[in-house]
Amino acid sequence: MRAQPKASHFINGEYVEDTAGKVIECVYPATGEVIAKLHSATPAIIGQALNAARDAQKAWAKLSGTERGRVLRRAADIIRERNRALSELETLDTGKPMQETLYVDATSGADALEYFGGLAGSLTGEHIQLGDDWVYTKRIPLGVCVGIGAWNYPTQIACWKGAPALACGNAMVFKPSETTPLCALKVAEILIEAGAPAGIYNVVQGYGDVGAALVTDPRVDKVSLTGSAPTGRKVYAAAAEGMKHVTMELGGKSPLIIFDDADVENAVGGAMLGNMYSTGQVCSNGTRVFVQKGIKDKFLKRFAERAEQIKLGDPLDEETQMGPMVSKNQRDIVLGFIEKGKSEGATLITGGNAVDGDGYYIQPTAFSDVTDDMTIAREEIFGPVMSVLEFDTEEEVIKRANDTDLGLAAGVFTNDITRAHRVIDQLEAGTCYINTYNDAPVEAPFGGVKMSGVGRENSKEAINHYSQMKTVYVKMGPVDSPY
Ligand code: NAD
């Protein structure tokens with residue numbers, strides 16, 4: 001098996017196995033080949049990881065921020081040196097093409113480690129003078145953080161959660177998605193190599209039951225989930241039982257609004273990035289593309305022309321632009337949505353079929369004449385399927401765009417600068433774009449509103465979600481007591 005790790009879990013600085021756990025088969029989605037077999041964590045493994053994290057966290061928090069940051073920045077350097085090997089592993093784990101993984105996966109993980117490594121030394125509280133008395137606040141860690149990942153960006157998610165957690169002096173137990181278990185193990189290995197103390201970043205494998213066991217464990221202080229909204233609802237409720245801190249990065253059904261005056265090539269480019277990148281498996285995708293009447297025909301024609309040129313194929317070939325879906329299951333779900341689109345009366349503009357062969361490929365697909373009530377306009381598909389909805393007026397499109405429980409992202413293409421800001425201002429979404437789509441630099445907060453989540457990843461904002469304030473009141477004179 002060409003990607004078999006030394007063992008399933010990484011705990012207290014070393015690989016650990018417990019073959020009593022359920023088997024997790026890791027399948028390369030381009031061929032259907034089993035590339036690794038791992039085991040889900042048993043209660044003993046979960047306990048070992050949480051104890052290791054608990055034991056290591058206090059001493060880690062006692063280091064200065066600069067010392068912690070140095071470890072993270074070294075890890076970022078190691079990741080960049082090994083970018084090719086890590087990108088190949090990401091490609092095997094997910095099926096995403098090397099053309100993507102070489103530039104946005106391990107590298108964005110390294111960005112997070114570098115950014116939060118740099119911030120760690122400047123985390124402070126404040127001094128509040130109250131006459132002669134005063135208050136000082138300290139920014140303190142939460143303790144043991146659990147990270148639970150989705151399968152679309154396994155290296156990035158492991159770092160986006162790990163880097164701010166560690167920068168703030170926490171320890172982490174990370175559970176990758178059972179569909180893509182390989183990459184987080186490398187992140188854990190590299191952190192140790194960079195000088196992180198054993199136990200500070202642990203990885204345990206498992207299905208949803210392992211995630212659920214971690215969320216309810218009393219040794220855990222915070223839970224950060226990247227996953228679907230239904231899973232988020234369950235995890236948030238379970239975390240609330242123990243009054244744990246949470247970050248919820250969940251799904252979306254985001255609107256992308258294209259006005260008549262937009263540059264067509266740019267708008268098509270944005271819509272392609274927002275629907276086809278990573279074979280459409282991106283949470284912030286702008287899958288409801290509202291196109292104003294006057295530009296619709298031009299937009300659809302150019303979209304179809306460009307979509308038909310997308311090069312599907314072997315993800316390890318750097319010429320390939322689009323890989324397969326992550327799994328057979330996910331491919332079948334997406335094909336089901338495509339059938340729904342057809343049967344509910346949407347017009348297929350391009351694609352619409354699976355590709356013959358062993359891999360889980362689907363053609364880049366676009367529908368027009370989609371109406372607000374159709375299933376493909378209401379539910380997250382998580383595949384290369386774009387829905388185009390026509391609109392007339394600005395007021396109408398804002399109302400329709402907001403008519404969803406989800407609110408992760410939103411985008412506007414227009415050359416009218418005041419309209420761009422006026423529309424964005426009214427869209428109910430946490431992460432918005434004007435004349436671009438789907439950028440996610442570490443310097444900018446990322447996250448959703450409504451059912452798309454709670455909290456923010458990346459940027460200085462993430463620090464607030466991985467630390468808390470301790471307030472200390474200092475009396476300088478006699479205590480004025482009435483008793
Ligand atoms: P999922 O919700 O099925 O699973 C996510 C993770 O949660 C997995 O590791 C899974 O094992 C775990 N899990 C499942 N049930 C659990 C439970 N009861 N308790 C604890 N953990 C549990 O999601 P997925 O199919 O892996 O990923 C796709 C979803 O993730 C999409 O909805 C997508 O939009 C979302 N996503 C969001 C972001 C974001 O940043 N907002 C990023 C990527 C993906």
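**Exercise 1. Locate Asn-12 and describe its backbone and exposure.**

Asn-12 lies in the loop between strand E1 (9-11) and strand E2 (14-16). Helices (H or I, at least four residues) and strands (E, at least two) are DSSP runs, numbered from the N terminus. The model is predicted: local features need pLDDT of at least 70, side-chain atom pairs count only at pLDDT 80 or more, and totals for chains, interfaces and linings use all residues. Residues are numbered from 1 along each chain as its sequence is written, and side-chain values use heavy atoms, with hydrogens and water left out.

Step 1. The phi of Asn-12 is near 55°, a positive value in a residue other than glycine. Most residues other than glycine have a negative phi.

Step 2. With a relative accessibility of 41%, Asn-12 counts as partly exposed. Buried means under 20% relative accessible area, exposed over 50%, and partly exposed in between (1.4 Å probe, protein chains only).

**Exercise 2. Characterise the two residues covered by the UniProt annotation "binding site".**

Step 1. According to the unreviewed UniProt entry, this annotation covers Lys-450 and Gly-453. UniProt positions are given in the numbering used here, feature names are shortened, and annotations may be inferred rather than shown by experiment.

Step 2. Lys-450 is found in strand E20 (residues 449-450) and is partly exposed, at a relative accessible area of 35%. Its phi is positive, about 50°, although Lys-450 is not a glycine.

Step 3. Not counting residues up to four places away in sequence, Lys-450 touches Asn-402, Thr-404, Asp-405, Leu-406, Gly-407 and Glu-428. Contact means heavy atoms within 4.5 Å.

Step 4. Gly-453 belongs to strand E21 (residues 453-454) and is buried, with a relative accessible area of 12%. Leaving aside neighbours within four places in sequence, Gly-453 is in contact with Met-248, Leu-250 and Gly-448.

**Exercise 3. Identify the surroundings of the ligand and the polar atoms that approach it.**

Step 1. The ligand is surrounded by 27 residues, of which the closest are Gly-149, Glu-178, Ser-228, Thr-231 and Glu-380. A residue is near a molecule or strand if one of its heavy atoms lies within 4 Å of it.

Step 2. A polar side-chain atom of Lys-175 lies 2.9 Å from an oxygen atom of the ligand. For Glu-178, an N or O atom of the side chain is 2.7 Å from a ligand oxygen atom. Thr-231 also has a polar side-chain atom 2.7 Å from an oxygen atom of the ligand.

Step 3. Ser-177 is found in the loop between strand E8 (171-175) and helix H7 (183-193). Ser-177 is buried, with a relative accessible area of 4%. Neighbours within four places in sequence left aside, Ser-177 is in contact with Gly-149, Ala-150 and Trp-151.

**Exercise 4. Establish the strand order of the 7-stranded sheet and place helices H11 and H14 on it.**

Step 1. The 7 strands form an open sheet in the order E14-E15-E16-E13-E12-E18-E19, with mixed pairing. Its edge strands are E14 (347-350) and E19 (431-434), each of which pairs on one side only. From one strand to the next, the twist averages 20°. Two strands pair if DSSP finds at least two bridges between them.

Step 2. Strand E15 (residues 365-368) and strand E16 (residues 385-391) pair in the parallel sense over 3 bridges. Phe-367 stands opposite Ser-387 in E16.

Step 3. Helix H11 (residues 293-308) lies across E12 (255-258), E13 (288-292), E14, E15 and E16, and runs at about 130° to E13. Helix H14 (residues 394-401) lies across E12, E13 and E16, at about 140° to E16. Axes are lines fitted to C-alpha atoms, for helices over the stretch in contact, and angles run from 0 to 180 degrees between N-to-C directions.

**Exercise 5. Describe the 3-stranded sheet and the pairing of E6 with E22.**

Step 1. The 3 strands form an open antiparallel sheet in the order E5-E6-E22. E5 (127-130) and E22 (467-474) are the edge strands, each pairing on one side only.

Step 2. Strand E6 (residues 133-141) runs antiparallel to E22 and is joined to it by 8 bridges. The bridge partner of Thr-137 in E22 is Thr-471.

Note on methods: Polar contact = N/O pair within 3.5 Å; in protein donor to acceptor, adjacent residues only side chain to side chain.
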